[in-house]
Amino acid sequence: MSLRIQLNIPRKDFAINVSLSVTSGQITSIFGPSGCGKTSVMRAIAGLENKATGHIQMADEVWQKADYFRPPHQRDIGYVFQDASLFPHLNVYDNLQFGLRRQAKEKRRVSLEQAIELLALSPLLKRSIDKLSGGEKQRVAIARAVATSPSVLLFDEPLAAVDIAHKQEILRYIQSLHRELDIPMLYVSHAIEEVARLSDNLVLLEKGQQLASGKTVDLLSQLSLPLAHYEEAAAMLDTYVTGRDEQYGLNLLAFADSHLQVSHGSLKQGDKVRLRIMARDVSLTLQRHESSSILNIFPAVIESMANEGPAQKLVRLNAGGQIILSRITAKSADQLALVPGMTVFAQVKAVSLMV
C-alpha cells in the first residue's frame, strides 16, 4: 500500500506546497523548523485542515480531490499527537480497547495482543492514566493507534513532550513497529536526531516549500543542503553485527570492507544497525595509526569539501560506498593538503557512536 499526497494549504504568511508518497514498510519523515507547515500537512491528511486543496489517495481509495472530500472519521488513519490524548477516566487496557473498536473486525490486521507486545505494555494494563509517566502515556497512545490496524500511521512530534531518557526508549519501540508492521508511516519532527534514526525517506520543508526530498541517508550528507551544516550534522552508516568482544563489552560491526567497534549492550549477531556518526566526531589522518586510543580507523575517499566560515571545513567522505561527514579546522585541512579524490583514514572514537 502507499499513500500519495499533493497538497496546497494557504496560510497568512506563505502557502504550503507538498508532494510526497509513503509506502508500506517505510517511514517517511517531514523535517523543518517550527512553523514551517509540518503539522498542517498532517492535519490535511487526516481531513482536519479545511483550507487544504489537492489530491490525497491511500492505495486505490481517494480521500480528497477537486470535487470530493472524505470526512476524517472515514479515513483509515492512526494518529499519534504530541499530547498522548488518553481518556483519564479509563485505565490503560480500556484506552486500548477504545481504539480497537474503531476498526471493523474483518479489517483488523494487528491484534490488540500484538500492539501490547510491541509496546511492552503488559505490566501497565491495569494502571490508571494519571499513574503513568509521560513516556508511558506516549507508548499507550502509539499502541492505541496501532491497534486500529490503520492504513497509515501519522506521528506528529510524538516525542516533543517526552524527557530524554524516555525519548530513546520510545524511538526503539517505533523502530520495532517499523520492522514488524507492514504499514506506511509518516513522521513529523524538528529534531534531526529522531529523523536520522527512524526514517527511510525525508522531505525537507521550509516556509511551506519543499527544499528537497529523497533517501534520508543521502540528504543528510548533501553539502548543498542545510542539514549538513547544522551544529549537529551527522551521517548515517548502515552496518550489521558480526561478533562481540566480551572482555571489553564491544560489538563488532561490519560495512563494506571495514569494521567498527561500538559499546552497546543489546545488540545480537546478525542485527542490522544504523549508526549515526556526528561530523564533529570524525577526524582525518593520512596514515593509519596503530598506537592510538581510537579503535575505529578505516579508509575513505574525499568526495567534496565546503567552507564553514573562515575557521572550519566540512569534508564529505565515501567509505566503501557509504557517506560520512567530517568537520575539521581549515588549518588541519591545509596542513594535510586535503583535496577531493584523496584517500585518507577516518577516525571515530567507539564511545561517540550512537545506535
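Two strands pair if DSSP finds at least two bridges between them. Strands (E, at least two residues) and helices (H or I, at least four residues) are DSSP runs, numbered from the N terminus. With those terms in hand, here are the views.

**Figure 1. The whole chain, with its eight helices and 20 strands.** Welcome to a predicted model, in which local features need pLDDT of at least 70, side-chain atom pairs count only at pLDDT 80 or more, and totals for chains, interfaces and linings use all residues. Residues are numbered from 1 along each chain as its sequence is written, and side-chain values use heavy atoms, with hydrogens and water left out. The radius of gyration, taken over C-alpha atoms, is 22 Å. The globule rule (2.2 Å times the number of residues to the power 0.38) gives 20 Å for 355 residues, and the chain's value is close to that, so the chain is as compact as a globular protein of that length. Its C-alpha trace spans about 65 × 50 × 35 Å along the principal axes. Buried residues make up 52% of the 355; buried means under 20% relative accessible area, exposed over 50%, and partly exposed in between (1.4 Å probe, protein chains only). Take the contacts (heavy atoms within 4.5 Å) between residues at least 6 apart in sequence: 66% of them join residues at least 24 apart.

**Figure 2. Strands S17 and S20 within an open sheet of five strands.** The order across the sheet is S16-S20-S17-S18-S19, with antiparallel pairing. Strand S16 (282-285) and strand S19 (322-329) are at the edges; each has a single partner strand, so one side of each has no neighbour in the sheet. On average, neighbouring strands here are turned by 45° against each other, direction ignored (the axes are lines fitted to C-alpha atoms, for helices over the stretch in contact, and angles run from 0 to 180 degrees between N-to-C directions). Strand S17 (residues 296-308) and strand S20 (residues 343-348) run antiparallel and are joined by six bridges. To find one of these strands' partners, start at Ala-300: its bridge partner in S20 is Val-344.

**Figure 3. A salt bridge between Arg-327 and Glu-308.** A salt bridge here is a side-chain nitrogen of Lys or Arg within 4 Å of a carboxyl oxygen of Asp or Glu. The side chains of this pair meet at 2.7 Å, N to O. The pair links distant parts of the chain, with Arg-327 in strand S19 and Glu-308 in strand S17, 19 residues apart. Both residues are buried.

**Figure 4. Glu-169 and Arg-139, one of the 11 salt bridges in the structure.** The closest N and O atoms of the two are 3.8 Å apart. Glu-169 belongs to helix H5 (residues 164-180) and Arg-139 to helix H4 (residues 134-147), so to speak two distant parts of the chain, 30 residues apart. Are the two partners buried or exposed? Arg-139 is buried, at 7% relative accessible area, whereas Glu-169 is partly exposed, at 23%.

**Figure 5. Strand S7 and its parallel partner S8.** Look along strand S7 (residues 77-80): Ile-77 and Tyr-79 point one way, Gly-78 and Val-80 the other way, and all are buried. Four bridges pair S7 with strand S8 (residues 152-156) in the parallel sense. In S8, Val-152 is the bridge partner of Ile-77.

**Figure 6. Helix H1, mostly covered.** Of the eight residues of H1 (residues 38-45), six are buried. Which ones are they? They are Lys-38, Ser-40, Val-41, Met-42, Ala-44 and Ile-45. Just after the helix, Gly-47 takes a positive phi of about 85°.

**Figure 7. Tyr-240 in strand S12 (residues 234-245).** With 44% relative accessibility, Tyr-240 counts as partly exposed. Leaving out residues up to four places away in sequence, Tyr-240 touches Leu-252, Leu-253, Ala-254, Asp-271, Lys-272 and Val-273. The C-alpha atoms of Tyr-240 and Asn-251 are separated by 10.0 Å, and the two residues are 11 apart along the chain.
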